[in-house]
Every structure is written in C-alpha cells, then in structure tokens.
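Trainee: I would like a close look at a single part of this model. Please take me through it step by step.

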Amino acid sequence: PMSDQTEPVIDCSRLKRLDQQGKLELLEPLHGWSINADGKLCRTFVLQNFAESLALANLVGAVAEEIGHHPDLLVRWGSLSVEIFTHSLSHENNAALTEADFFLAARINELRA
C-alpha cells in the first residue's frame, strides 16, 4: 500500500555523525535542550500530572513514527524526559548525534509551543 506520508522517512544509513561544533550550532536555537554526559540530546518537560506526561509521550511517539526516528522516553508523574541519539551510529557510552536528532527535537518542541 502507498503511504500518504508527506515527509521523507529518515534514512539512517545516510546520516553522518556531527562534530562538537556542528552539535553546538544546531543546539543553539533549540529551546530547552542540552547534551548530557553520555552525548545524548535531552530535555525534560515539566507537566501537571501523569496523564499529561503520558499524553505528551504519545504525541512524541506519533512524530517519531512519522519521521522514522525514535527517542527514548521516560514517563513520570509530572514530567516527560526525552533522550535522542542516532542508535545506528552509537556505541556503548558514546552516543552519536546527527542532523536527524536535532530535527526530531525541533519537531518535539513544536508540540509544546
């Protein structure tokens, strides 16, 4: 069946690992995000209760499915923590970041505008 998807699915095989300067340039316009000690792009959203955290997690999940790039989510009462990195280029304790990660973060920010 034909997909009615408007955006191209991200092809992870074409992604290039960003260097430190590349990461910082893409991070600057991203409100609320930082790069943690493991090298992952992360943000914690503060919410009112568990139901709100779960609802946002579901919205994030829908965006992730749409673009074919998936974050790690931790749903808690009153918060949703999101970690993004390119799994296919990462090794243990050495997360790779690519343009796809920053694109996903920007799309997630649009959910909370």
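Where is Gln 48 found? And what surrounds that part?

Mentor: Keep in mind that this is a predicted model. Gln 48 sits in a loop. Strand β2 (41–46) comes before that loop, and helix α2 (50–67) comes after.

Start with accessibility. Gln 48 has a relative accessibility of 57%. The cut-off for exposed is over 50%, so Gln 48 counts as exposed.

Next, the contacts. Leave out residues up to four places away in sequence, and Gln 48 touches Trp 77 and Gly 78. Gly 78 is 30 residues from Gln 48 along the chain, yet their C-alpha atoms are separated by 5.1 Å.

Now follow Trp 77. Together with Phe 50 and Leu 54, Trp 77 makes a nonpolar surface patch. The patch covers about 350 Å². Leu 54 belongs to helix α2, the helix that follows the loop of Gln 48. Leu 54 has a relative accessible area of 39%. Exposed would need over 50% and buried under 20%, so Leu 54 is partly exposed.

Then go back to strand β2, on the other side of the loop. Phe 45 lies in this strand. Phe 45 forms an aromatic pair with Trp 33, and the structure holds one such pair. The geometry is edge-to-face, with 6.4 Å centre to centre and 80° between the planes. Trp 33 lies in the loop between α1 (20–27) and β1 (34–35), so the pair ties together parts that are twelve residues apart in sequence. Both Trp 33 and Phe 45 are buried, whereas Gln 48 is exposed.

Definitions and conventions: Residues are numbered from 1 along each chain as its sequence is written. This is a predicted model: local features need pLDDT of at least 70, side-chain atom pairs count only at pLDDT 80 or more; totals for chains, interfaces and linings use all residues. Side-chain values use heavy atoms; hydrogens and water are left out. Helices (H or I, at least four residues) and strands (E, at least two) are DSSP runs, numbered from the N terminus. Buried means under 20% relative accessible area, exposed over 50%, partly exposed in between (1.4 Å probe, protein chains only). Contact means heavy atoms within 4.5 Å. Rings of Phe, Tyr and Trp (its six-membered ring) pair if their centres lie within 6.5 Å; planes under 30 degrees apart count as stacked, over 60 as edge-to-face and the rest as tilted. Patches are made of residues with over 30% relative accessible area and no salt bridge: like charges are joined within 9 Å, nonpolar side chains (Val, Leu, Ile, Met, Phe, Trp, Tyr) within 5 Å. Accessible areas come from the Shrake-Rupley method with a 1.4 Å probe; for residues, only the protein chains shown count as cover. A salt bridge is a side-chain nitrogen of Lys or Arg within 4 Å of a carboxyl oxygen of Asp or Glu.
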